[in-house]
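This report is written for a reader meeting the structure for the first time. Please keep the sequence and the 3D view at hand while reading.

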Amino acid sequence: MSHDRARTDGPAPALELRGISKRYGPVVACDAVDLTVQRGEVHGLLGENGAGKSTLMKVLLGLVHADAGEILRDGARVEVHTPLQAAELGLGMVHQHFSLIEPLTVWENVALGEPGRVDRNTICADVEAVGARYGLAVDPTATVERLSAGERQRVELIKALRRDPKVLVLDEPTSVLTIAESAALFEVLRTAVAAEGRGVILISHKLAEITAATDVVSVLRRGRLAFHCRTADTSAPELARQMVGRDVSLRAEGAALGLVVTDDPAKHLTPVLAGGLGAVPAEPPAPEASADVPGTAALALHGLCVAGPDGRTLLDHLDLEVATGEIVALYGVEGNGQATLGDLLSGLMAPDAGEVRVDGRPVSLDRPGALHHAGVGVIPEDRHRSGVVLDMSVADNLVMTDLRRFSGRLLMRRAQIRAQAEELVERFAIRTPSVDAPLRTLSGGNQQRVVLARELSANPVVLVAAQPTHGLDVGAIEDMYARLREAAASGVAVLLISTELEEVMALASRIAVISSGRITGVLDVADASPQRLGMLVGGEAA
Amino acid sequence: MTTVSGPAGTPRRPLAGYIVGSVGLRRPSADAWRTAGITVLCVAVAVGLAALLVTFADGSPVEVVDALFTGSVADTAGWSQTLVNAAPLLLVALGACIANRAGVFNIGQEGQLLIGAMVGCFVALRLQGPGWIVITVALVAAAFGGGAWSGISAAMYYTRGTNVVVTTLLLTFIAAQVVQFAVNSPSLLQEEGMGSGPARPQSDAVPDYLRLASFGQYPDLTIGVGVIVAVVATVVLAVLLARSRWGFRLTMLGLNPMAARHAGVRASRLGGSALVLSGAFAGLAGGVILLGTVFRLQPAISNNFGWDGLLVALVARSRPGLALPVAVLFGALRSGSSYLAATGVPDYLVDVVQALLVLAFVVPPVLSTLWARRLRNRAPVADTPARPTAAAPAKEEVQV
């Protein structure tokens, strides 16, 4: 408790965590973390993936039991063993991935988990009242699966606010929101905090949000509280340094931390504000061949249409071209068809209409593996789902898309597989005890490297990278960026599917924006600004 | 650290580690030792329970063990009977291994075996020719019959998504009806009445020259052709699953169908053929029973070999190499059970014992996983005593 707390004398803080420790086997997730949330304060909790933010909040909400430490509400020590106890103590949480049940209506979701009698009319009235108070309009009788991501977030917020929480925790609340929706969310938080004296904990890995929306900020690094300060007294670069534990390089890490690079000679990192006040990068980061190079595009998507099983349009006449040696980013808010496109380019599904051409030749999409053989390498959005087989060895995972190359008429050539695996492990700096180790035992970053190594070892014409840095730490992100640039420089057409504005600004030479399964616009990175992209993301022409 | 030991420095897993590792379901690791320990414990509990049951049935556990031993492995005659029982069990288990590897769970071996026996019987009784040709054709036809029967399930699954477990199971009952019909229809397979009395619901006996040969004469050890076929098939399949491209793709499909599709595997073709192949092995087992021991088609010819063979594969965790000893063990239980009558203990008790053993072998990986999860959740920091809340563990599991 040696940290200066910016604490005012007066009433006890709404919430105080003292010396919370939690260890999973040899891994220390939280190491004597202190955190104080005053009434009427938005407290930012910042940290890389795996820094211990989630564990700390799980402890707070009774999902996980701390090994040591205590929790105080309004100065009184409390025990939180279950989420129900947490709710009784006035602790509410909005999870990063919505915990709504899609086939149910809004009011049913709001009522879910409450003890006692369920009265439809009361709850509907409540939903409308809460919605009116905070400006969160949503129809209580609507079915959740028909709502957009932004509306679903509103439902989550209403659900939490209706229980009148004294402390509200928001875990990465903006990952599925457009810039405008994020701005609206922070407005609501202000109202809930300032007018009603609640405490809010805002968890994020985006510096821009933290600096824009919080009063106080705490930084976690490797399970320890690394930094604590009033937000007004610090700066984005300082926070970035505290988060990573060293000075961050301008490009790769800046983007990884949610900063857009400016050409300011003083090398200032400027956060992109949620309201859209960010700086425009003057220098296109990828100096590779531009789109108007004559000749056929390495990857051409024409009129791709996909309808979901429920008849919803997932992709709507999507057209996109990527030329040799360029990085084109497909930017948009999560859930606008990126996952479908990723599946399609991984060869997991066939479109209802449209075609994919690689090097000018059409690819028959309902033959498994056809895209791979045509020269399309894919880093899938969810590597555990379609990128790797966790229970097979590193070596097996490194060769599994090119089995014919590594087998005779019948049997696999083991020596050849080992040799190839060892070479790739060396070349891509994959940290593994052995090429025979099950892939499951590798860290996320190294699993991702296995995927990248395999896909690049086939000498692809096109590399599709879907959210390639999700869940990786800064070092691994930096490495991934370098590899993608390297691939483009060596003549591979790279399609980067990303929801991170900073990432696409840092890597791509052209940015295509996807909204509701359609391309709403394609901008050269020199012409792109957060405002213009934000409008395209919302489905408007810029 | 990018150090990877070269081929020369590859540590060979010690044999014990290999065996224990191969027991672990799909993930040989340090967990395997824990699993092995739990397995020993579970088997001990199963044996204890079995002894208790025997005592309740007014028998003496010692006598029962003695009878089982005498009937199965005490002398060459016992061994001969054990091997005769083990062969069809092993064939069925091999088929189940293939389907399980591909991630399609075929549980209809009993029916596939019946259909196989029926088709084999039809060929054996109708086809004229030299003995070895007719025998070969009959066995191949039996395999085709079983394969076709599971092929129905494969077709339903890959065209309409109908659950394989449900279709293979229900088709077993249809198979039983089909065989009943065949042995009750004089135009199909029902025996020609011997003049006196009505014809019984069974086929004519297969002529002597079409019966599977055995090597060795009673009282020496006799080994039938069925046993040889099963052992050869085990070796071939073990090598193919572990080393071949087909085995690699099959394993990939079973562990992650999405990744397999990305890697160019067409699930309907590879998974469908695995299902057909597993039915074919069951059908072949039916053919072996028909031509090796029973010699005529009867509705009860399957005699639970299909179900028990599936259990063999379960206990062997879909590894052909392990299926071999397990099949011998189950075969020994079968031959031993015929000696139980002398002890006054009902012979169906052996089925109960067998079921207990299966549970003892199938449950440990689950327990081991649960235990590992518990350890992860509750690993206490050294300097603070774990909070003594009795209700906490249960709650935690709900949250996981």
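The text below takes up two sheets of chain A, a helix and a residue packed beside them, then chain B, and last two loop residues. The model is a predicted one.

## A four-stranded sheet in chain A

Chain A has an open sheet of four strands in the order S2-S1-S4-S5, paired in the antiparallel sense. Its edge strands are S2 (27-37) and S5 (76-78) of chain A, each of which pairs on one side only. On average, and with direction ignored, neighbouring strands of this sheet are turned by 30° against each other.

Strand S1 of chain A covers residues 15-24 and runs antiparallel to S2(A), with seven bridges joining the two. Within S2(A), the residue that stands opposite Lys22(A) is Cys30(A).

Helix H1 of chain A, residues 53-60, packs on this sheet and touches S1, S2 and S4 (68-73) of chain A. The direction of H1(A) makes about 115° with that of S1(A). Is H1(A) enclosed or open to the outside? Seven of its eight residues are buried, so H1(A) is largely enclosed by the rest of the structure. Among the buried residues are Lys53(A), Ser54(A), Thr55(A) and Leu56(A); Met57(A), Val59(A) and Leu60(A) are also buried. After H1(A) comes Gly62(A), which has a positive phi near 80°.

## A six-stranded sheet in chain A

Another open sheet of chain A has six strands in the order S6-S7-S8-S3-S9-S10, and its pairing is mixed. Strands S6 (91-94) and S10 (224-230) of chain A have a single partner strand each, so they stand at the edges with one side left without a neighbour in the sheet. Here the average turn between neighbouring strands is 20°, direction ignored.

Strand S7 (residues 167-171) and strand S8 (residues 199-204) of chain A are a parallel pair with five bridges. One residue of this pairing is Asp171(A), whose bridge partner in S8(A) is Ile203(A). Helix H5 of chain A, residues 149-162, packs on the sheet and touches S6 and S7 of chain A. The direction of H5(A) makes about 175° with that of S6(A).

Strand S9 of chain A, residues 216-221, holds Leu220(A). Leu220(A) counts as buried because it has 26 C-beta neighbours inside 10 Å, where 20 or more are needed. Which residues does Leu220(A) touch, leaving out those up to four places away in sequence? They are Val33(A), Leu45(A), Gly47(A), Ala51(A), Gly52(A), Lys53(A), Leu225(A) and Ala226(A). From Leu220(A) to Ala51(A) the separation is 169 residues in sequence, while their C-alpha atoms are 5.8 Å apart in space. Lys53(A), another residue touched by Leu220(A), is one of the buried residues of H1(A).

## Chain B and a pair of its helices

Chain B has 15 helices and two strands. Of its 400 residues, 44% are buried. Among contacts in chain B with a separation of 6 or more, 73% are between residues 24 or more positions apart.

Two packed helices are described by the angle between their axes and the distance between the axes. For helix H6 (residues 131-160) and helix H7 (residues 164-184) of chain B, the angle is about 145° and the axes are 9 Å apart. The crossing of H6(B) past H7(B) is right-handed.

Which residues form this contact? From H6(B) there are Trp149(B), Ser150(B), Ile152(B), Ser153(B), Met156(B) and Tyr157(B). They meet Val164(B), Thr167(B), Thr168(B), Leu171(B) and Ala175(B) of H7(B). By class, the contact has seven nonpolar and four polar residues, and no charged residues.

## Two loop residues with positive phi

The table sets out a residue from each chain that has a positive phi without being glycine.

| Residue | Phi | Loop | C-beta neighbours within 10 Å |
|---|---|---|---|
| Ser516(A) | near 50° | between S21 (510-515) and S22 (518-524) of chain A | 16 |
| Arg317(B) | near 50° | between H12 (305-315) and H13 (320-337) of chain B | 19 |

Are these residues buried, exposed or partly exposed? Ser516(A) is partly exposed because 16 other C-beta atoms lie within 10 Å. Arg317(B), with 19 C-beta neighbours inside 10 Å, also counts as partly exposed.

Methods: Residues are numbered from 1 along each chain as its sequence is written. Chains are lettered from A and ligands numbered from 1 in the order in which they are written. This is a predicted model: local features need pLDDT of at least 70, side-chain atom pairs count only at pLDDT 80 or more; totals for chains, interfaces and linings use all residues. Axes are lines fitted to C-alpha atoms, for helices over the stretch in contact, and angles run from 0 to 180 degrees between N-to-C directions. A crossing is left-handed if the near helix is turned anticlockwise from the far one by less than a right angle, and right-handed if clockwise. Two residues are in contact if their C-beta atoms, placed from the backbone, lie within 7 Å. Ala, Val, Leu, Ile, Met, Phe, Trp, Tyr, Cys and Pro count as nonpolar, Asp, Glu, Lys and Arg as charged, and the others, Gly among them, as polar. A residue is buried if 20 or more other C-beta atoms lie within 10 Å of its own, exposed if 12 or fewer, and partly exposed in between; C-beta atoms are placed from the backbone. Two strands pair if DSSP finds at least two bridges between them.
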